[in-house]
Amino acid sequence: MDTGLLILRLLAGLLIAGHGVQKISTRLGGHGLDGGTREFRADGFRGGALTALAAGGGQIGSGLLLAAGLLTPLAATGAIGVMTVALTVKWRNGLWVQNDGYEYPLVLIGTSAALAATGPGAWSLDRALGLTPYPLWWTALVLTAGVGSGLLTRLVLHRTTAA
């Protein structure tokens, strides 16, 4: 089980972090902060560069924490939050990714929730620091805070019409 959790944490965490790097730099095929800013504006968000920095930073931070298995409930909350925003952007396109749907953000939300529920496993910084096991009720808190923060972000930063 611990090997599976390690693989899951590394895969999901590093993909989330890499996605954040793309938002704010030209690394990993990104279009730099200007490109991230354009993407958010095209999706109808206020804030420009600040929005791109916050989203990219949130993805990098939560992704690296998930990959390391450090502060797993906080990491999962952050990942669920940013992926909830992405899900709301893609919602109108339906589920499947070939139609630019929300399939990928949904998988990352589910993976983050599963890691919050199971904990990061034996090969994690949480375990090395004696922070685990986390109580199962944390999962409900993580889901509520993650989805709630994502929906609140969408509500506060999204314009009614894209500019």
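Reader: Why is Asp-100 called partly exposed?

Author: In this predicted model, Asp-100 has a relative accessible area of 42%, and because buried means under 20% and exposed over 50%, a value of 42% places Asp-100 in the partly exposed class.

Reader: Where is Asp-100 found, and what makes its backbone worth a remark?

Author: Asp-100 is found in the loop between H4 and H5, and its phi is positive, at about 60 degrees, although Asp-100 is not a glycine.

Reader: What makes the pairing of Lys-90 and Asp-100 a salt bridge?

Author: The side chains of Lys-90 and Asp-100 meet with an N to O distance of 2.6 Å, and because a salt bridge requires a side-chain nitrogen of Lys or Arg within 4 Å of a carboxyl oxygen of Asp or Glu, the pair qualifies. The two residues belong to distant parts of the chain, with Lys-90 in helix H4 and Asp-100 in the loop between H4 and helix H5 (103–118), 10 residues apart. Lys-90, with a relative accessible area of 23%, is partly exposed. As a general matter, side chains of opposite charge can pair when their charged atoms come close.

Reader: How many salt bridges does a search of the whole structure find, and how do you know that Glu-39 and Lys-23 form a salt bridge?

Author: The search finds 2 salt bridges. For Glu-39 and Lys-23 the closest N and O atoms are 3.5 Å apart, and because the cut-off is 4 Å, this pair is counted as a salt bridge. It links distant parts of the chain, with Glu-39 in helix H2 (residues 32–42) and Lys-23 in helix H1 (residues 2–24), 16 residues apart.

Reader: Are the partners Glu-39 and Lys-23 buried or partly exposed?

Author: Glu-39 has 36% relative accessibility and counts as partly exposed, whereas Lys-23, at 7% relative accessibility, counts as buried, because the limit for buried is under 20%.

Reader: What makes H1 and H5 oblique to each other?

Author: H1 and H5 pack at an angle of about 135 degrees, with their axes 11 Å apart. Angles over 145 degrees count as roughly antiparallel and those from 65 to 115 as roughly perpendicular, so H1 and H5, which fall in neither range, are oblique to each other. Their crossing is left-handed. The contact is made by Leu-5, Leu-8, Arg-9, Ala-12, Leu-15 and Ile-16 of H1, together with Tyr-104, Leu-108, Thr-111, Ser-112, Leu-115 and Thr-118 of H5.

Reader: How do you know that Ser-112 is buried, and which residues does Ser-112 touch?

Author: Ser-112, whose place is in helix H5, has 0% relative accessibility and therefore counts as buried, the limit being under 20%. Not counting residues up to four places away in sequence, Ser-112 touches Ile-16, Leu-66, Ala-76, Ala-79 and Ile-80.

Reader: Which residues have the most contacts inside the largest nonpolar core, and which elements give two or more residues to this core?

Author: The largest nonpolar core has 18 residues, and those with the most contacts inside it are Ile-16, Leu-66, Ile-80, Met-83, Leu-108, Ile-109 and Val-142. The elements that give two or more residues to this core are H1, H4 and H5, and H4 gives the most, with 7 residues. Ile-16 is in contact with Gln-59, Ser-62, Gly-63, Leu-66, Ala-79, Leu-108 and Ser-112, leaving aside its neighbours within four places in sequence. Another core, of 6 residues, lies apart from the largest one, and among its members are Phe-40, Ala-52, Ala-55 and Val-85.

Reader: Why is Thr-84 called buried, and with which residues is Thr-84 in contact?

Author: Thr-84, in helix H4 (residues 72–90), has 6% relative accessibility and counts as buried, because buried means under 20%. Leaving aside neighbours within four places in sequence, Thr-84 is in contact with Ile-109, Gly-146, Val-147, Gly-150 and Leu-151.

Reader: What makes Leu-71 partly exposed, and what is its phi?

Author: Leu-71 has 37% relative accessibility, and because the partly exposed class runs between 20% and 50%, Leu-71 counts as partly exposed. Leu-71 lies in the loop between helix H3 (49–68) and H4, and its phi is positive, at about 50 degrees, although it is not a glycine.

Reader: What is omega for the peptide bond from Thr-132 to Pro-133, and where does Pro-133 lie?

Author: Omega is near 5 degrees, and the bond from Thr-132 to Pro-133 is cis. Pro-133 lies in the loop between helix H6 (125–128) and helix H7 (137–157).

Methods: Residues are numbered from 1 along each chain as its sequence is written. This is a predicted model: local features need pLDDT of at least 70, side-chain atom pairs count only at pLDDT 80 or more; totals for chains, interfaces and linings use all residues. Side-chain values use heavy atoms; hydrogens and water are left out. Helices (H or I, at least four residues) and strands (E, at least two) are DSSP runs, numbered from the N terminus. Buried means under 20% relative accessible area, exposed over 50%, partly exposed in between (1.4 Å probe, protein chains only). Contact means heavy atoms within 4.5 Å. A nonpolar core is a set of buried Ala, Val, Leu, Ile, Met, Phe, Trp, Tyr and Cys residues joined through side-chain atoms within 4.5 Å. Axes are lines fitted to C-alpha atoms, for helices over the stretch in contact, and angles run from 0 to 180 degrees between N-to-C directions. Angles under 35 degrees count as roughly parallel, over 145 as roughly antiparallel, 65 to 115 as roughly perpendicular and the rest as oblique. A crossing is left-handed if the near helix is turned anticlockwise from the far one by less than a right angle, and right-handed if clockwise.
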